[in-house]
Amino acid sequence: MTDTGRGTFTVTGRAVTEPETIDQLDLAEDEAAIEVPKGERTFFGAAAARRSLA
């Protein structure tokens, strides 16, 4: 996940193609899902900012 600096993020990962997984998701017809490995996550948010102030 990359912060674009415009209040949005770009996310890359492996496309989810397994029908049984997709059936569990509430996606619009024009949406897709990707899998983002946990090890590659970076948290962007207020909690991280508060920790750096402590």
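**A salt-bridge network and two surface patches**

Arg-14, Glu-18 and Glu-35 are joined to one another in a network of salt bridges. This network makes a convenient starting point for a tour of the structure, which is a predicted model. In general terms, side chains of opposite charge can pair when their charged atoms come close. A search of the whole structure finds two salt bridges, and Arg-14 takes part in the pairing with Glu-18 as well as in the pairing with Glu-35.

The bridge between the side chains of Arg-14 and Glu-18 has an N to O distance of 3.5 Å. Arg-14 counts as partly exposed, at 42% relative accessibility, and Glu-18 is likewise partly exposed, with a relative accessible area of 26%. In the other bridge, the side chains of Arg-14 and Glu-35 meet at 2.7 Å, again N to O. This pair links distant parts of the chain: Arg-14 lies in strand S3 (residues 14–15) and Glu-35 in strand S4, 21 residues apart. Glu-35 is partly exposed because its relative accessible area of 40% falls between the limits of 20% for buried and 50% for exposed.

With the network in place, the overall layout can be described. The chain contains two helices and four strands, and reading along the sequence gives the pattern β-β-β-α-β-α. Of its 54 residues, 4% count as buried. The accessible surface of the chain comes to about 4,800 Å², and carbon and sulfur atoms contribute 53% of that area. As for contacts within the chain, among those with a separation of 6 or more, 20% are between residues 24 or more positions apart.

Which residues make up the nonpolar patch on the surface? Met-1, Phe-9, Val-11, Ile-34 and Val-36 form this patch, which covers about 380 Å². Met-1 sits in the segment before strand S1 (2–3) and counts as partly exposed, at 41% relative accessibility. Met-1 and Gly-13 are twelve residues apart in sequence, and their C-alpha atoms are 9.2 Å apart in space. Val-11, another member of the patch, is placed in the loop between strand S2 (9–10) and S3. With a relative accessible area of 39%, Val-11 is partly exposed, so it passes the requirement of over 30% for patch residues.

Phe-9, also part of the nonpolar patch, has a contact with Thr-4. Thr-4 is found in the loop between S1 and S2, and a relative accessibility of 24% makes it partly exposed. Leaving aside residues up to four places away in sequence, Thr-4 touches Phe-9 and Thr-10.

The surface also carries a charged patch. Asp-26, Glu-29, Asp-30 and Glu-31 together form a negative surface patch. Where along the chain is Glu-31 placed? Glu-31 belongs to the loop between helix H1 (19–22) and strand S4 (34–35). Its relative accessible area of 44% makes Glu-31 partly exposed.

Taken together, the predicted model shows a chain of two helices and four strands, with Arg-14, Glu-18 and Glu-35 connected by salt bridges. On its surface are a nonpolar patch that includes Met-1 and Val-11 and a negative patch that includes Glu-31.

How values were computed:
Residues are numbered from 1 along each chain as its sequence is written. This is a predicted model: local features need pLDDT of at least 70, side-chain atom pairs count only at pLDDT 80 or more; totals for chains, interfaces and linings use all residues. Side-chain values use heavy atoms; hydrogens and water are left out. Patches are made of residues with over 30% relative accessible area and no salt bridge: like charges are joined within 9 Å, nonpolar side chains (Val, Leu, Ile, Met, Phe, Trp, Tyr) within 5 Å. Accessible areas come from the Shrake-Rupley method with a 1.4 Å probe; for residues, only the protein chains shown count as cover. A salt bridge is a side-chain nitrogen of Lys or Arg within 4 Å of a carboxyl oxygen of Asp or Glu. Lys and Arg count as positive and Asp and Glu as negative; His and the chain ends are not counted. The place of a charge is taken as NZ of Lys, CZ of Arg, CG of Asp or CD of Glu. Buried means under 20% relative accessible area, exposed over 50%, partly exposed in between (1.4 Å probe, protein chains only). Contact means heavy atoms within 4.5 Å.
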